[in-house]
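Here are a few exercises on a ligand site and some backbone oddities. Try each task before you read its solution.

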Amino acid sequence: MKKQPIQTSDDKEVDIALRPSSWDEYVGQTKIKESVRLILEAAKQRGESSDHLLFYGQAGLGKTTLAYLIGREMGVSVRSTTGPTLERTGDVAAILSNLEPHEILFIDEVHRMSSAAEEILYPALESRKLHLVVGKGPSAKTVSIDLPPFTVIAATTKVNMLSSPLRSRFGAIFRLDYYQTEDIQMIIKRSANILGAEIKEKAVHRLAKASRLTPRVANRLLRRARDYAQVHQENIIDEEAVLRTLEMLEVDEFGLERADRELLQTMIEKFKGGPVGLSSLGAAIHEEPGTIEEVFEPYLIMLGLLNRTPMGRIVTEKGREYLENKF
Ligand SMILES: Nc1ncnc2c1ncn2[C@@H]1O[C@H](COP(=O)(O)OP(=O)(O)OP(=O)(O)O)[C@@H](O)[C@H]1O
Ligand SMILES: [Mg+2]
């Protein structure tokens, strides 16, 4: 039967439609789910707020989604903010003192908070106190305000940029990893269903392989394949639709984009395959070293095409084979 596509062309809206709203819909990351749910269950039994939690891992692996699932589970609302907007002491004080009892404060990109903002967060996380300095100069004094119970859930792609005092104030820290292929396949099927598109098994396999084992990427590729299918094939996503879509996006069957291939190529042509330092590499391919480290490298390392050594980055044997199309 031909299915009707849902009527939205806005990817943001689709994003929200695809976001899991129950633990069952949150595929994979089984260990994390188990631990988190135990922590929440125990907190609920005691009638308390959950401990503060920190999630870290690559972009698009489901950190924000987890924060909202926790809010749902605890039956409380989630206030969302981001590290870069927490600059001055007053920014943090204002948010914390406006929280309703047991509310969740979600701080995304927590590694980008200023140190002044961090300092005021310490006692708040540890003992629910806000220490504010009132007045200036010799007459300045610190007043301490009690905060209602609350939970901070923080997320970051760069846990190594968090200071250890901040890190140590979270009751539990979870690392989200790349997903299993089977989990990504389930996510793709579920999303296709929500989008009202029929998808063939081979198409699911192709998409999963090119998804960088990341739910957000899988959903993005799926949406583009659906666009293709909608225009060319009566809304049925088959292998052909996926292959054409990947071609159009210049994504290869392993999910590598042109920039990934250029990076490997440059390492071989300009640096004899390495070792090469991140900043030299960045200069050679006109990318921020941070982007290479956060966006390109982790997946190349996971595929075994690139390696980090104390001397710098190197292209592996497998990486060379990949470039020679023998992978
Ligand atoms: N476990 C999962 N099961 C199903 N879908 C998921 C899962 N995790 C994430 N997704 C999908 O992937 C999208 C991206 O997830 P999310 O926004 O939570 O990632 P993130 O880790 O917060 O990324 P960023 O670091 O960029 O903020 C979600 O909108 C959701 O549709
Ligand atoms: Mg997020």
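**Exercise 1.** Work out which helices each supply at least two residues of the shell around ligand 1.

Solution. Keep in mind that this is a predicted model. Go through the helices in chain order: α1 (11-18), α3 (63-74) and α9 (215-232) each supply at least two shell residues. Next, look at who comes nearest: of the 21 residues around ligand 1, that's V27, G60, K63, T64 and T65. Finally, sort the shell by class, and you get 9 nonpolar, 6 polar and 6 charged residues.

**Exercise 2.** Place ligand 1 relative to the domains, and explain why it lies between two of them.

Solution. Start with the division of the protein chain: domain 1 (29-175), domain 2 (180-249) and domain 3 (258-323). Then check which of them give residues to the shell around ligand 1. Both domain 1 and domain 2 do, so the ligand lies between them. As for domain 3, its centre and that of domain 2 are 28 Å apart, taken over C-alpha atoms. One last check on the site: the space ligand 1 takes up is the largest pocket.

**Exercise 3.** List polar side-chain atoms that pair with ligand 1, using a cut-off of 3.5 Å between N or O atoms, and then find how much of the ligand the protein buries.

Solution. Take the oxygen partners to begin with. R19 puts a polar side-chain atom 2.8 Å from a ligand oxygen, and N219 has one at 3.3 Å from an oxygen atom of ligand 1. For nitrogen, go to Y179, where the distance from a polar side-chain atom to a ligand nitrogen is 3.1 Å. Now the area: ligand 1 on its own exposes 640 Å², and the protein buries 93% of that.

**Exercise 4.** Track down a cis peptide bond and a non-glycine residue with positive phi.

Solution. Most residues other than glycine have a negative phi, and most peptide bonds are trans. Scan omega: the bond from G274 to P275 is cis, with omega near 5 degrees. P275 sits in the loop between α11 (258-271) and α12 (278-285). Then scan phi: H102 comes up with a positive value of about 70 degrees. H102 is in a loop too, the one between α4 (89-97) and β3 (104-108).

Terms used: Residues numbered from 1 in each chain as written. Chains lettered and ligands numbered in written order. Predicted model: local features only at pLDDT ≥ 70, side-chain atom pairs only at ≥ 80, totals over all residues. Heavy atoms only, no water. Near = heavy atom within 4 Å. Polar contact = N/O pair within 3.5 Å; in protein donor to acceptor, adjacent residues only side chain to side chain. Areas by Shrake-Rupley, 256 points an atom, 1.4 Å probe, with all protein chains shown as cover. 1 Å grid on protein atoms, 1.4 Å probe; cavity = no way out; pocket = protein on both sides within 12 Å on 5 of 7 lines; lining within 4 Å. Sits in = over half its atoms within 2 Å of the grid points. Helix = DSSP H or I, 4+ residues; strand = E, 2+ residues; numbered from the N terminus. Nonpolar A, V, L, I, M, F, W, Y, C, P; charged D, E, K, R; others polar. Domains from an automatic or database assignment.
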